[in-house]
Amino acid sequence: NINECAEGNHTCHANADCSDTEGSFSCVCKDGYLGNGADCQSGHLCASGAHNCQANAGCSNWNGQEFECFCHDGFRSHNQLCGDIDECSEGIHNCHGNATCSNSDGSFGCACDFGFYGKGTVCESVCAPKMILNADDGAASDSFGRSISISSFGGDSVAVVGANFDGDRGSQSGSAYVFRVTADGTSTQTAKLTASDGAYGDNFGISVSVSSFGSSGDAVAVVGAYLDDDRGLSSGSAYLFRVAANGTCTQTAKLTASDGAANHEFGKSVSV
């Protein structure tokens, strides 16, 4: 019998043990290796699951007979266990300043806040305002901003803003404010409009519309007062104003329907 193992005339892998048999030989991978004897690869402890690495950890082979455990991304070793890292509370996330970070097991998510859009790592304003308009004499419950209209005006723009619950001529008599808006985004209140015969509950300013006209730089504004009572309870009316280029405003007419009657709410919507 030829002892192939002793003579080195075998095909066993270097990481395998050769055993002589009658008329032949056999190859068996050494401990820490897997294969058919002719080919024995290291790392079988990790690949076969014959390790004690905990959940949320990976296994890394050293030399076929040894291994080490490491925590997956998003986890940190603590008391020989891999616990979740709360990237949000620790501030180690890449969410945008206008996004909210939400922690998850082994990771986190970013969601843009209300009024912004994007992937969470970058959030852009849906509509970034160039200015905020406020009434010079604004007060609680005036309903400033209930209606608004804007038109080009001598190179700039004129804006009219309704405040139908303003109380200058009685509770909820209503008013409207005129602003000059420049091309650079600044604004100046130039006038406050009220009906010459305004009264309690008229809701002047429920609707507004403004448009420039001619080459004078002036504009015309119309303001609705849908609960005015000239032709019956809540019959409604609308008022016309001339808005001069210097910002002054003059009421030029009051409009009512020729067949107006109670509850018609004329002036609830206007356009010019």
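Buried means under 20% relative accessible area, exposed means over 50%, and partly exposed is anything in between (1.4 Å probe, protein chains only). The legends below concern a predicted model, where local features need pLDDT of at least 70, side-chain atom pairs count only at pLDDT 80 or more, and totals for chains, interfaces and linings use all residues. Residues are numbered from 1 along each chain as its sequence is written, and side-chain values use heavy atoms, with hydrogens and water left out.

**View 1. Lys 254 and its two acidic partners, Asp 228 and Asp 230.**
Here Lys 254 forms a salt bridge with Asp 228, and their closest N and O atoms are 2.7 Å apart. A salt bridge here is a side-chain nitrogen of Lys or Arg within 4 Å of a carboxyl oxygen of Asp or Glu. Lys 254 lies in strand β20 (residues 249-255) and Asp 228 in the loop between β18 and β19, so this pair ties together parts that are 26 residues apart in sequence. Helices (H or I, at least four residues) and strands (E, at least two) are DSSP runs, numbered from the N terminus. Now look at Asp 230: its salt bridge with Lys 254 has closest N and O atoms 2.5 Å apart. This pair also links distant parts of the chain, with Asp 230 in the loop between β18 and β19 and Lys 254 in strand β20, 24 residues apart. Are these residues buried or partly exposed? Lys 254 is partly exposed at 26% relative accessibility, and Asp 230 is partly exposed at 47%, while Asp 228 is buried at 4%.

**View 2. Arg 76 meets Glu 90 in a salt bridge.**
The closest N and O atoms of Arg 76 and Glu 90 sit 3.1 Å apart. Arg 76 belongs to strand β7 (residues 75-78) and Glu 90 to helix α3 (residues 87-90), so to speak two distant parts of the chain, 14 residues apart. Arg 76 is partly exposed, with 41% relative accessibility, and Glu 90 is partly exposed with a relative accessible area of 41%. How many salt bridges turn up in a search of the whole structure? There are ten.

**View 3. The hairpin of β19 and β20.**
These two strands pair in the antiparallel sense over six bridges; strands count as paired if DSSP finds at least two bridges between them. Phe 241 stands opposite Gln 251 in β20. Five residues separate the strands of the hairpin, and in the turn Gly 247 has a positive phi of about 100°.

**View 4. Two loop residues with positive phi, Asn 203 and Ser 234.**
Asn 203 is not a glycine, yet its phi is positive, near 60°. You'll find Asn 203 in the loop between β16 (187-193) and β17 (204-212), buried with a relative accessible area of 3%. Ser 234, also not a glycine, has a positive phi of about 60°. Its home is the loop between β18 (219-225) and β19 (237-243), and at 13% relative accessibility Ser 234 is buried.

**View 5. Gly 58 and its contacts.**
Gly 58 sits in strand β5 (residues 57-61) and is buried, at 7% relative accessibility. Which residues does Gly 58 touch, leaving aside neighbours within four places in sequence? They are Cys 53, Glu 68, Cys 69, Phe 70 and His 72, where contact means heavy atoms within 4.5 Å. Asp 142, by comparison, is 84 residues from Gly 58 in sequence and 64 Å away in space, C-alpha to C-alpha.
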